[in-house]
Structure formats: C-alpha cells, structure tokens
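Work through the exercises below with the structure in view. Try each task before reading its solution.

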Amino acid sequence: MLKSEEDVNNKAVLLDTSFFLRFLNDADPLFKNADGYFRYFLQQEISMVVYTIAIAEYCVGGDVTELPLRNLQILPFNIEHAKKTGEFAKIVFENKSKLKIKERMIIPNDTKLFAQADSENSIDFYLSSDTESLKVFKLLKKLSNPKFQFIDLNVPYSETFGILEF
C-alpha cells in the first residue's frame with residue numbers, strides 16, 4: 001500500500017505511455033484499472049503529468065488529440081532530467097546482466113522517464129503497466145533510491161491506495 005489518502009493531496013503522478021494505451025482502449029484487459037486510477041486522481045486532485053517523450057511514443061500509433069490533454073500537465077525534458085538520466089543510466093548499464101529483461105533501449109524507455117519523475121518535486125508516483133520497466137525501477141530503488149513510487153497498473157487503485165470500495 002502507498003501513502004495514506006490524506007498524504008496524496010497536492011501531489012502528482014507521471015503517467016507513462018502504457019497507461020494511455022490501456023486507458024484509451026476500453027477493450028484492453030487493463031482498461032478498468034486505468035479508468036479507476038484516472039477517476040481516483042481527478043477525485044483526489046492529484047495532478048496527472050505526461051512527459052513529452054510519452055506523447056511522442058503514443059503518436060507512433062495514435063494521435064495527440066486522443067489524449068485527455070485538458071486533464072494533464074505536460075512536462076518537457078530539460079537539463080536536470082538529462083543529468084539525472086545519466087546517473088540512472090550508468091547504474092542500469094553497470095547492472096544490466098542482473099535485470100533479466102528483454103532487449104530494449106534502456107535510456108529512452110526507462111531511465112529518462114524515471115529521471116523526470118525523480119527530478120520533479122511534485123511527482124510522487126509513476127504509473128505504468130510495463131513489467132520490464134518495473135524491473136529497472138527495482139534495480140534503481142535498490143542502488144539509488146529514487147524519491148517516487150512506482151504504481152503497477154496491473155494492481156487496481158483501490159488496492160494500491162488501501163481503499164475499500166462499497
């Protein structure tokens with residue numbers, strides 16, 4: 001379970017591309033979870049942030065106009081994010097053999113996104129359904145201790161935040 005409900009107000013969550021792929025497809029098995037998180041964040045006034053990298057990834061197969069932009073803050077990649085990316089990428093490259101992940105572009109797909117979440121004071125959560133990304137996060141958590149918490153979209157929001165649904 002993550003922070004208590006009163007602790008999440010005035011916070012932000014960074015939503016990754018996998019969130020939007022599920023949220024915008026009601027036939028996806030994780031649509032219900034994505035919709036639940038979206039509604040919970042709106043209700044709790046937790047700012048939802050999307051980084052420009054996720055927008056670019058989404059636009060490979062979709063259109064930017066499909067994204068719920070009126071409910072999102074857009075976060076561009078900046079120099080602080082780049083410096084933190086270098087720190088995270090070094091850790092990941094030095095420990096890549098321990099990860100047992102599928103071959104992937106580690107810097108663009110993981111460390112840049114984690115660096116943004118870690119560099120922004122308001123971001124306490126990172127929401128994704130990417131299990132390979134979760135492996136990278138766990139390594140970073142062990143060796144660098146990023147300040148944000150990874151939320152796995154495979155887990156319903158009620159379980160993540162310890163809420164009883166009636």
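**Exercise 1. Surface and core**

Task: Find how much area the chain exposes, and what share of it carbon and sulfur atoms supply.

Solution: The model is a predicted one. Its chain exposes about 8800 Å². Carbon and sulfur atoms supply 51% of that area. Next, turn to the core. The chain has 166 residues, and 49% of them count as buried. Then look at the contacts with a separation of 6 or more: 74% of these join residues 24 or more positions apart.

**Exercise 2. The order of elements**

Task: How many helices and strands does the chain have, and in what order do the elements run?

Solution: Count by type. There are nine helices and five strands. Now read from the N terminus: α-β-α-α-β-α-β-α-α-α-β-α-β-α.

**Exercise 3. A salt bridge within one helix**

Task: Asp35 forms a salt bridge with Arg39. Where do the two residues lie, and is each buried or exposed?

Solution: Start with the distance. The closest N and O atoms of Asp35 and Arg39 are 2.7 Å apart. Side chains of opposite charge can pair when their charged atoms come close. Next, place the pair. Both residues lie in helix α3 (residues 31-43), four residues apart, which is about one turn of the helix. An α-helix has 3.6 residues a turn, so residues three or four places apart point the same way. Last, check the cover. Asp35 has a relative accessible area of 18%, so this residue is buried, as the cut-off is under 20%. Arg39 reaches 56%, so this residue counts as exposed; the cut-off there is over 50%.

**Exercise 4. The span of α3**

Task: What should the 13 residues of α3 span at 1.5 Å a residue, and how far apart are the end C-alpha atoms?

Solution: The expected span is 18 Å. The end C-alpha atoms of α3 are 18 Å apart, so the two values agree. Now list the buried residues of α3. Among them are Asn33, Ala34, Tyr37 and Phe38. Then step past the helix end. Just after α3, Glu45 takes a positive phi of about 55 degrees.

**Exercise 5. A network of charges**

Task: Which residues are linked with Lys84 in a network of salt bridges?

Solution: Take one pair at a time. Lys84 meets Glu87 in a salt bridge, 3.3 Å from N to O. Both lie in helix α5 (residues 79-94), three residues apart, about one turn of the helix. Glu87 has a relative accessible area of 44%, so this residue is partly exposed. Now the second pair. Asp118 and Lys84 also meet in a salt bridge, at 3.3 Å from N to O. This pair links distant parts of the chain: Asp118 is in helix α7 (residues 106-119) and Lys84 in helix α5, 34 residues apart. Asp118 and Lys84 are both buried. Put the pairs together: Lys84, Glu87 and Asp118 form one linked network. In total, the structure holds six salt bridges.

**Exercise 6. A covered strand**

Task: Which residues lie on each side of strand β5, and what joins β5 to strand β4?

Solution: Sort the side chains first. Gln149 and Ile151 are on one side of β5 (residues 149-152), with Phe150 and Asp152 on the other. All four are buried, so both faces are covered. In a regular strand the side chains alternate between the two faces of the sheet. Now the pairing. Four bridges join β4 (residues 123-128) to β5, and the two strands run parallel. Phe125 has Gln149 as its bridge partner in β5. Finally, add helix α8 (residues 131-143). Together, β4, α8 and β5 make a right-handed β-α-β unit.

Methods
Residues numbered from 1 in each chain as written. Predicted model: local features only at pLDDT ≥ 70, side-chain atom pairs only at ≥ 80, totals over all residues. Heavy atoms only, no water. Buried < 20%, exposed > 50% of the residue type's maximum accessible area, 1.4 Å probe, protein only. Contact = heavy atoms within 4.5 Å. Areas by Shrake-Rupley, 256 points an atom, 1.4 Å probe, with all protein chains shown as cover. Salt bridge = Lys/Arg side-chain N within 4 Å of Asp/Glu carboxyl O. Expected span 1.5 Å × (residues − 1). Pairing = 2+ DSSP bridges. Right-handed = clockwise from strand over helix to strand, strands pointing away.
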